[in-house]
Amino acid sequence: MSDNPPLPPYAEWPSFPFEGDLRLKSLDEPVEIEPSRHGENPADCLACTAPDENYIWVSERWRVRSLDHPTGLPVVLILEPRSHLDLGDLPNLLAAELGVMTVRVERAIRSLDGVARVHVSRWGDGAAHLHVWFLARPHGYLQLQGSFLSMWNDILPAVPEEPWRENLALAAAWLAEFGGTALAEPPRIHWTAPSRFETEQEAAAAAEGGAPAVMVKASTKDTARDTARAAGAGPSGPGEAIALPDPVAVLPPDAAAAPIAVRSAVPAPEPAADAPGAPADPGKALGTR
Ligand SMILES: [Zn+2]
């Protein structure tokens with residue numbers, strides 16, 4: 001390998017988070033034996049040993065959790081089977097349910113205000129227990145488009161805790177409409193006048209020495225549970241991120257046409273079936289509601 005190989009074309013993409021004088025790392029020699037992953041043994045597996053309380057939504061065979069603190073994106077969720085299996089180990093039932101659950105979690109996140117896209121990722125090198133990532137890309141921030149979103153999640157200042165918790169509660173309630181149990185609690189009510197609330201938010205951001213976070217807009221869409229929204233409503237304007245231009249004002253066409261953008265105020269009665277992808281709910285799986 002030469003001392004200074006050329007950078008790949010994506011180093012020039014608007015979504016690439018870095019600029020300046022970059023150099024490629026040299027590639028190490030391959031190892032003979034790879035190290036084991038975290039939790040190869042179920043007894044040591046964090047997913048297997050975590051109680052349901054650590055998750056925002058649970059069902060008979062699946063659980064959804066968030067990270068334990070806000071990060072740079074509005075919401076990051078992780079879908080896991082209860083069984084200690086990796087992707088290629090799933091039996092047909094769980095494999096089929098993974099497809100349905102993937103669509104549901106994507107829609108749950110996309111139902112949140114301010115979310116333009118949801119990127120779904122599965123990497124297999126960290127924990128052995130299957131975990132699928134769902135990364136919410138905030139509306140308007142075109143530099144966050146694409147595969148560098150997971151990097152931006154670590155680069156951008158963390159979103160404020162309150163709207164983050166509200167989004168978790170709303171996503172969990174959305175999932176629970178199809179079965180399972182929502183465990184995420186909406187944030188406690190802050191009885192503060194909106195104008196004063198914004199001032200406090202700005203003061204808090206300034207006190208932390210960072211720029212306001214990318215997406216702090218509380219959800220106002222008609223989502224699953226009135227209680228979740230009523231308890232959270234902290235109006236705060238969309239902020240600006242470090243080194244990012246203002247978001248574009250126009251929704252991309254397919255985001256505007258998202259089937260979940262308009263929902264009935266009265267949820268249709270749900271069968272008791274908790275199983276995602278159960279034969280009884282092909283309509284739901286196809287997004288007819
Ligand atoms: Zn496990």
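1. Reading from the N terminus, the order of elements is α-β-β-β-α-β-β-α-α-β-α-α-α-α. That comes to eight helices and six strands. Bear in mind throughout that this is a predicted model.

2. On confidence, the mean pLDDT for the chain is 77, with 64% of residues at 70 or more. Two stretches deserve a caution. Over residues 216-243 the pLDDT stays under 50, and the model has 75 contacts there beyond four places in sequence. Residues 250-289 are also below 50, with 43 contacts in the model beyond near neighbours in sequence. I'd keep both stretches out of any detailed reading.

3. Some overall numbers for the chain. Of its 289 residues, 35% are buried. If you take contacts between residues at least 6 apart in sequence, 71% of them join residues at least 24 apart.

4. Now the sheet. Six strands make an open, antiparallel arrangement in the order β4-β5-β3-β2-β1-β6. The edges are β4 and β6 (181-182); each has a single partner strand, so one side of each has no neighbour in the sheet. Helix α2 packs on this sheet and touches β2, β3, β4 and β5, with its direction at about 155° to that of β4.

5. Strand β3 (residues 76-81) is worth following residue by residue. Five of its six residues are buried, so "mostly covered" is a fair description. On one side β3 pairs with β2 (residues 62-66), antiparallel and over five bridges, and W62 stands opposite P81 there. Strand β3 also pairs with β5 (residues 132-138), again antiparallel, through four bridges. In that pairing V76 faces L135, while L79 stands opposite V132.

6. What about β4: is it enclosed or not by the rest of the structure? Largely enclosed, because five of its seven residues are buried. Its position at the edge of the sheet leaves one side without a neighbouring strand, so the two points are best read together. The partner of β4 is β5, to which it is joined in the antiparallel sense by six bridges. One of the pairs to look at is V115 with P138 in β5.

7. The largest nonpolar core has 44 residues, and those touching the most other members are I109, A171, A172 and L175. At least two residues each come from β1 (57-58), β2, β3, α2 (92-110), β4 (115-121), β5, α3 (149-155) and α4 (161-176). The biggest contribution is from α4, with ten residues.

8. I109 is a good place to centre the view. Leaving out residues up to four places away in sequence, I109 touches V75, L77, V115, V118, F134, A136 and A171. V115 turns up again here, having been paired with P138 above.

9. Two helices to check for geometry. Helix α2 has 19 residues and covers 27 Å from first C-alpha to last, close to the 27 Å expected at 1.5 Å a residue. Its buried residues are L94, E97, L98, V100, M101, R104, V105, A108, I109 and R110. Note that charged residues, including E97, R104 and R110, are on that list. For α4, the 16 residues should span 22 Å at 1.5 Å a residue, and the end C-alpha atoms are indeed 22 Å apart. Since 15 of its 16 residues are buried, α4 is largely enclosed by the rest of the structure.

10. Two loop residues make a useful pair to inspect. H69 is in the loop between β2 and β3. Is H69 buried or exposed? Exposed, because H69 has 8 C-beta neighbours inside 10 Å, and the cut-off for exposed is 12 or fewer. Its C-alpha is 9.5 Å from that of V159, although H69 and V159 are 90 residues apart in sequence.

11. P186 lies in the loop between β6 and α5 (194-207). P186 counts as buried because 22 other C-beta atoms are within 10 Å, and the cut-off for buried is 20 or more. P186 and W164 are separated by 22 residues in sequence and by 9.3 Å in space, C-alpha to C-alpha.

How values were computed. Residues are numbered from 1 along each chain as its sequence is written. This is a predicted model: local features need pLDDT of at least 70, side-chain atom pairs count only at pLDDT 80 or more; totals for chains, interfaces and linings use all residues. Two residues are in contact if their C-beta atoms, placed from the backbone, lie within 7 Å. Two strands pair if DSSP finds at least two bridges between them. A nonpolar core is a set of buried Ala, Val, Leu, Ile, Met, Phe, Trp, Tyr and Cys residues joined through C-beta atoms within 7 Å. pLDDT is the predictor's confidence in each residue, from 0 to 100. Axes are lines fitted to C-alpha atoms, for helices over the stretch in contact, and angles run from 0 to 180 degrees between N-to-C directions. The expected span of a helix is 1.5 Å times one less than its number of residues.
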